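Hi,

Here is the structure I promised to pass on. Have a look at it first, and then read my notes underneath.

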Amino acid sequence: MAKASEVAMEFPRLRSRLETPAADFAAAPERTFECGLQALLNGLEEQQASRNRI
């Protein structure tokens, strides 16, 4: 995180992202797989639901 913060100082938009709750995502690497998988499954579920509504 320290290196990311150092690099982000050169890029205002990136720097602003490091100041959000999403930046804490990297603080818990043991949960990253589950979180990513859940996001993927939620997207697939929504895509299937939207196809069924047509």
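Below is what I found when I went through it, from the overall layout down to single residues.

First thing to keep in mind: this is a predicted model. The mean pLDDT is 81, and 80% of the residues reach 70 or more. Confidence isn't even along the chain: H1 has the lowest mean, 79, while H3 has the highest, 90. As a general caution, where pLDDT is low, the predicted coordinates should not be read in detail.

On to the layout. The protein has three helices and zero strands, so if you walk along from the N terminus you'll meet α-α-α. Helix H1 covers residues 2-8, H2 covers residues 12-18, and H3 covers residues 32-53. There are 54 residues in the protein, and just 4% of them count as buried. The accessible surface comes to about 4,900 Å², with 59% of that belonging to carbon and sulfur atoms.

Now for a residue that is tucked away. Ala8 sits in helix H1, and it counts as buried because its relative accessibility is 0%, under the 20% cut-off. What does Ala8 touch, leaving aside residues up to four places away in sequence? The answer is Leu14, Arg15 and Leu18. For Leu18, the C-alpha atom is 7.9 Å from that of Ala8, and the two residues are 10 apart along the chain.

Leu14, another of those contacts of Ala8, belongs to helix H2. Its relative accessibility is 40%, so Leu14 counts as partly exposed. Leu14 can also be paired with Ala4: they are 10 residues apart in sequence, and their C-alpha atoms are 9.4 Å apart in space.

Next, the charged pairs. How many salt bridges does the structure hold? There are two. One joins the side chains of Glu6 and Lys3, at 3.8 Å from N to O. Both of these residues lie in helix H1, three residues apart, which is about one turn of the helix, and both are exposed.

The other salt bridge is between Arg53 and Glu46, and here the closest N and O atoms are 3.0 Å apart. Arg53 counts as exposed because its relative accessible area is 58%, over the 50% cut-off. Glu46 comes in at 45%, so it counts as partly exposed.

Last, a nonpolar patch on the surface. It measures about 490 Å² and is made by Phe33, Leu37, Leu40, Leu41 and Leu44. Take Leu44 as one of its members: this residue is found in helix H3. Why does Leu44 count as partly exposed? Because its relative accessible area is 44%, which falls between the 20% and 50% cut-offs.

If you want a quick route through the model, start with Ala8 and its contacts Leu14, Arg15 and Leu18, go on to the Glu6 and Lys3 salt bridge and the Arg53 and Glu46 one, and finish at the nonpolar patch that includes Phe33 and Leu44.

Cheers

Methods: Residues are numbered from 1 along each chain as its sequence is written. Side-chain values use heavy atoms; hydrogens and water are left out. Patches are made of residues with over 30% relative accessible area and no salt bridge: like charges are joined within 9 Å, nonpolar side chains (Val, Leu, Ile, Met, Phe, Trp, Tyr) within 5 Å. Accessible areas come from the Shrake-Rupley method with a 1.4 Å probe; for residues, only the protein chains shown count as cover. A salt bridge is a side-chain nitrogen of Lys or Arg within 4 Å of a carboxyl oxygen of Asp or Glu. Helices (H or I, at least four residues) and strands (E, at least two) are DSSP runs, numbered from the N terminus. Buried means under 20% relative accessible area, exposed over 50%, partly exposed in between (1.4 Å probe, protein chains only). Contact means heavy atoms within 4.5 Å. pLDDT is the predictor's confidence in each residue, from 0 to 100.
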